[in-house]
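Okay, thanks for making the time, everyone. Let me put the structure up, and then I'll walk through a few spots in it.

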Amino acid sequence: MAEQVLMLALSPTMEVGTIVKWHKKEGDTVAQSDVICEVETDKATMEYESVNEGTLLKILVPEGGQAKIGDPIAVVGESGEDISSLVEAAEQKAESAAAAAGAKPPATEPPADVKPSMAEPAKAAEREEKPAVTGAKPPAAPQPADGIPALAGGLKASPLARKMAGEQGINLRTLRGSGPGGRIVKRDIEKALRQVASYGAAAAVGVTGPAIAGTPAVAGPTASGRDEQIPVSGKRKIIAQRLSESMYSAPHYYLRIDVDAGPMMTARSRLNARLPREAGGKVSPNAFLIKFVAESLKNYPSVNASWQGDTILQFGKIDVALAVAQEDGLITPVVRDCGSKGIVQIDRELKILIDKALTNKLAPEEYSGATFTVSSLGPSGILEFTAIINPPGSAILAVGRIHKVPVVEDDGSIGVRSQMMLTLSCDHRVIDGAVGAAFLSDLKAMIEYPIDHLY
Amino acid sequence: MPVIAFRQALKDAMDEEMARDENVILIGEEVAQYNGAYKVSQGLLDKYGPERVIDTPITEEGFTGVGIGAALVGLRPIVEWMTLNFSAQAFDQVLNNAAKMQHMSGGQLRVPVVFRGPNGPAEFLSSQHSQSFQAFYSHIPGIKVVAPSTPYDAKGMLKSAIRDDNPVVFLESELMYAWKGEVPEEEYLVPLGKAEIRRAGEEVTLISFSKPMQMVLEAAQALEKEGYSAEVIDLRSLRPLDEQAVYESVRKSNRCVVIDNDWPVAGFASYLGWLISRNCFDSLDAPVELVTMEDVPTPYNHAMELAMQPSVEKVMNAAKRVMYVTQ
């Protein structure tokens with residue numbers, strides 16, 4: 001059966017695409033993954049790979065023409081099929097799209113055999129019989145508040161794929177289905193997830209490479225000196241989409257506190273000196289921080305929660321993620337149930353997860369579903385920064401560099417302290433300022449006087 | 001552990017239950033003097049005598065009714081149908097008497113009868129003698145329907161069926177009678193209503209029962225060679241049905257093929273496919289596939305007879321379809 005070829009979202013922010021060039025002409029055979037045309041998006045010119053198989057029966061949007069996401073641009077089927085109703089429906093949809101976009105219809109004449117439908121009474125009568133298929137004006141697709149178009153008829157996804165996408169916050173429109181007729185199936189979601197770098201500690205983007213070293217790798221910003229369009233990887237798209245969603249939907253506010261990291265670092269030195277060498281290396285400061293965070297979350301469980309629209313989900317476990325920079329993005333491996341684990345165990349699990357993160361071997365369940373996230377740019381020399389919340393959690397802790405500062409002690413003398421700036425980003429829908437402040441103060445006390453918490 | 005044939009396992013089950021309970025009797029065409037049309041009741045006449053192992057005329061409606069009546073007054077009859085095809089003659093007895101008496105008597109009457117015999121196509125028997133009855137009998141509330149695939153289950157489930165206070169339709173297969181398997185010497189029972197995972201796997205769940213099980217296991221092995229991991233579930237019992245075992249597997253694998261050597265329309269596989277679609281909807285990555293007989297009477301021509309039934313190749317293809325493997 002003939003099917004419409006729809007304009008896909010070839011960039012996460014694209015709403016309208018322009019056909020730059022058709023690689024196939026009417027009558028050509030089209031196989032799955034064949035590049036049928038090039039589409040200029042708001043960002044770049046992308047190759048459009050077919051998800052349909054058959055013969056290209058009709059090009060609906062000529063070169064230079066525009067189509068909104070979800071609008072038909074061509075019809076693929078078996079040669080000789082009657083596709084008049086598909087063409088007609090597409091034509092009307094295109095008109096409404098053009099009107100909606102405020103754009104002029106393409107200057108190119110429509111193909112000769114596509115006649116204005118009103119000129120043919122027989123077809124008009126048929127339209128009345130089947131308003132759902134060829135109604136004069138298709139009903140507008142419901143438009144959720146986040147501006148992402150609701151799933152229209154053109155999008156096919158298995159129930160499992162829809163569920164996974166919902167859980168992971170993936171916009172199905174940004175994916176290309178590998179199933180029959182372009183159906184998005186489990187493996188497509190898994191592929192997208194593999195490409196995901198966690199968006200949690202967005203502030204860490206770009207920490208690697210020349211910016212830190214201080215010496216640019218090349219003489220100019222680009223080798224040629226000209227602007228370059230860099231295609232966006234699937235992973236980068238998902239980072240971009242999910243970060244934007246978090247930043248624009250969760251009202252962020254930031255709390256900053258200075259912490260004396262001395263006791264923690266002393267405790268760490270003592271622990272590392274005592275640990276047998278074969279025990280798996282030195283325990284990292286991150287393991288201490290994650291443990292302290294978990295203990296503070298026990299005191300303030302309302303921070304260990306998620307905004308769910310109608311309800312607030314308070315998590316039963318404390319699953320803390322740590323943002324890890326990768327060459328092409330970043331990812332947030334999760335240490336599960338930190339509330340019931342000791343510092344050494346957290347450290348061992350963390351080391352395994354970081355190893356996997358750096359070699360791109362994390363499974364989706366190892367980097368998703370964190371209830372709280374820690375992002376540390378201390379090793380990169382950053383004194384303090386703010387991070388974007390990593391859903392489904394409602395708070396993220398940005399950890400700065402431990403550095404020595406002069407302080408006035410209680411007796412008036414001047415001393416030296418190892419200071420660390422902590423910045424907590426909170427989702428105000430879930431965590432009010434007073435609660436966020438109390439949590440952060442508790443965390444500070446936990447780090448500075450850990451023994452107090454054993455009383 | 002001794003390895004014995006399916007027919008021997010059935011005989012041993014009847015033998016043990018007849019020795020255990022004098023109310024257990026066997027009745028049917030050629031069950032006594034001829035030792036069973038398929039030699040399933042070998043030696044039982046000699047051991048228990050003509051009062052408990054009873055040859056009947058070729059009158060399915062009559063002797064099925066006698067079995068039901070005997071059950072109503074306290075015996076535990078095993079009614080052997082020479083094949084399920086002939087049980088069509090006795091369908092009214094099963095549908096309106098066996099399945100309804102407990103209900104219509106407000107629970108005062110029980111019908112502890114077992115109807116057993118070979119079901120489904122054998123070979124070269126043409127359309128009238130090659131039919132599958134699982135859908136007909138599973139359709140009826142008030143009876144249990146079971147269909148083991150191994151000698152071990154055949155023995156353990158037949159013993160459970162004989163002891164069950166409900167009418168039980170016990171489905172066998174002519175071609176399975178010679179199948180061999182390990183059966184322990186000590187007594188055991190296999191409960192009715194529990195499925196068995198025959199093979200653990202990850203990527204697709206293959207569900208079947210009775211004779212097709214061997215073919216399905218073969219398909220799973222062939223899939224493994226090609227790098228796909230299939231879980232194989234033997235339902236063993238259609239009524240009651242172990243839904244949880246099915247759902248747990250499908251929720252894990254996200255894909256499912258039901259194999260039923262019966263017609264597709266209004267068949268047991270169709271019903272199971274709907275149950276899975278409804279209860280595992282959000283876990284499914286592809287529509288549930290069915291591999292059944294073609295929707296035609298079984299041809300006599302052997303090539304066509306085989307072609308209209310499920311095969312290893314058809315099962316593999318269906319599994320690949322739900323896994324979206326390009327073929």
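So, contact range in chain B: take contacts between residues at least 6 apart in sequence, and 78% of them join residues at least 24 apart. Keep in mind that this is a predicted model. Chain B has 327 residues, and 53% of them count as buried. As for secondary structure, chain B comes with 12 helices and 14 strands.

Let's pick one of those helices, α8 of chain B, residues 212-225. Does the length make sense? Well, what should 14 residues span at 1.5 Å a residue? The expected value is 20 Å, and the end C-alpha atoms of α8(B) are 20 Å apart, so the two agree.

Now, which residues of α8(B) are buried? That list is P212(B), M213(B), M215(B), V216(B), L217(B), A219(B), A220(B) and L223(B). And what sits over them? The cover includes strands β9 (196-199), β10 (204-208), β11 (230-234) and β13 (256-260), plus helix α12 (312-322), again in chain B.

Let me stay with that α12(B) contact for a moment. The two helices, α8(B) and α12(B), pack at an angle of about 55°, and their axes are 9 Å apart. Oblique is therefore the word for how α8(B) and α12(B) sit relative to each other. In terms of handedness, α8(B) passes α12(B) in a right-handed crossing. On the α8(B) side the contact is made by M215(B), V216(B), E218(B), A219(B), A222(B) and L223(B), and α12(B) brings V312(B), V315(B), M316(B) and A319(B). Sort the residues of that contact by class and you get 9 nonpolar, no polar and 1 charged.

What about the two ends of α8(B)? Ahead of the helix, in the loop between β10 and α8 of chain B, there's S210(B). S210(B) has a positive phi of about 60°, although it isn't a glycine. Buried or exposed, this S210(B)? S210(B) is buried: 25 other C-beta atoms lie within 10 Å, and the cut-off for buried is 20 or more. After the helix comes G227(B), where phi is positive too, near 95°.

There's another non-glycine with positive phi, K39(B), at a value near 60°. K39(B) is in the loop between β2 (24-28) and α2 (44-48) of chain B. For K39(B) the count is 15 other C-beta atoms within 10 Å, so K39(B) is partly exposed.

While we're on backbone geometry, a quick word on cis peptides. In chain B, the bond from R239(B) to P240(B) is cis, with omega near 0°. P240(B) is in the loop between β12 (237-239) and α9 (243-253) of chain B. Over in chain A, the bond from P391(A) to P392(A) is cis, with omega near 10°. Here P392(A) belongs to the loop between β16 (372-376) and β17 (395-399) of chain A.

Since we've moved to chain A, let's look at its helix α9, residues 285-299. α9(A) has 15 residues and reaches 22 Å from first C-alpha to last, close to the 21 Å expected at 1.5 Å a residue. How many of the 15 residues in α9(A) are buried? It's 11, so the helix is mostly covered. The buried set includes F288(A), L289(A), I290(A), F292(A) and V293(A), and also N286(A) and K291(A).

α9(A) has a helix partner as well: α12 of chain A, residues 433-448. Their axes come within 9 Å and cross at roughly 135°. That makes α9(A) and α12(A) oblique to each other, and their crossing is right-handed. From α9(A) the contact uses F292(A), V293(A), E295(A), S296(A) and N299(A), while α12(A) supplies F439(A), D442(A), L443(A), M446(A) and I447(A). The class split in this contact is 6 nonpolar, 2 polar and 2 charged.

Last stop, where the chains meet. The contact takes 9 residues from chain A and 8 from chain B. On the chain B side that touches chain A, you have 4 nonpolar, 2 polar and 2 charged residues.

That's my tour, thanks.

Conventions:
Residues numbered from 1 in each chain as written. Chains lettered and ligands numbered in written order. Predicted model: local features only at pLDDT ≥ 70, side-chain atom pairs only at ≥ 80, totals over all residues. Helix = DSSP H or I, 4+ residues; strand = E, 2+ residues; numbered from the N terminus. Expected span 1.5 Å × (residues − 1). Buried ≥ 20, exposed ≤ 12 C-beta atoms within 10 Å, placed from the backbone. Contact = placed C-beta atoms within 7 Å. Axes fitted to C-alpha atoms, helices over the stretch in contact; angles between N-to-C directions. Parallel < 35°, antiparallel > 145°, perpendicular 65-115°, else oblique. Left-handed = near helix turned anticlockwise from the far one by under 90°. Nonpolar A, V, L, I, M, F, W, Y, C, P; charged D, E, K, R; others polar.
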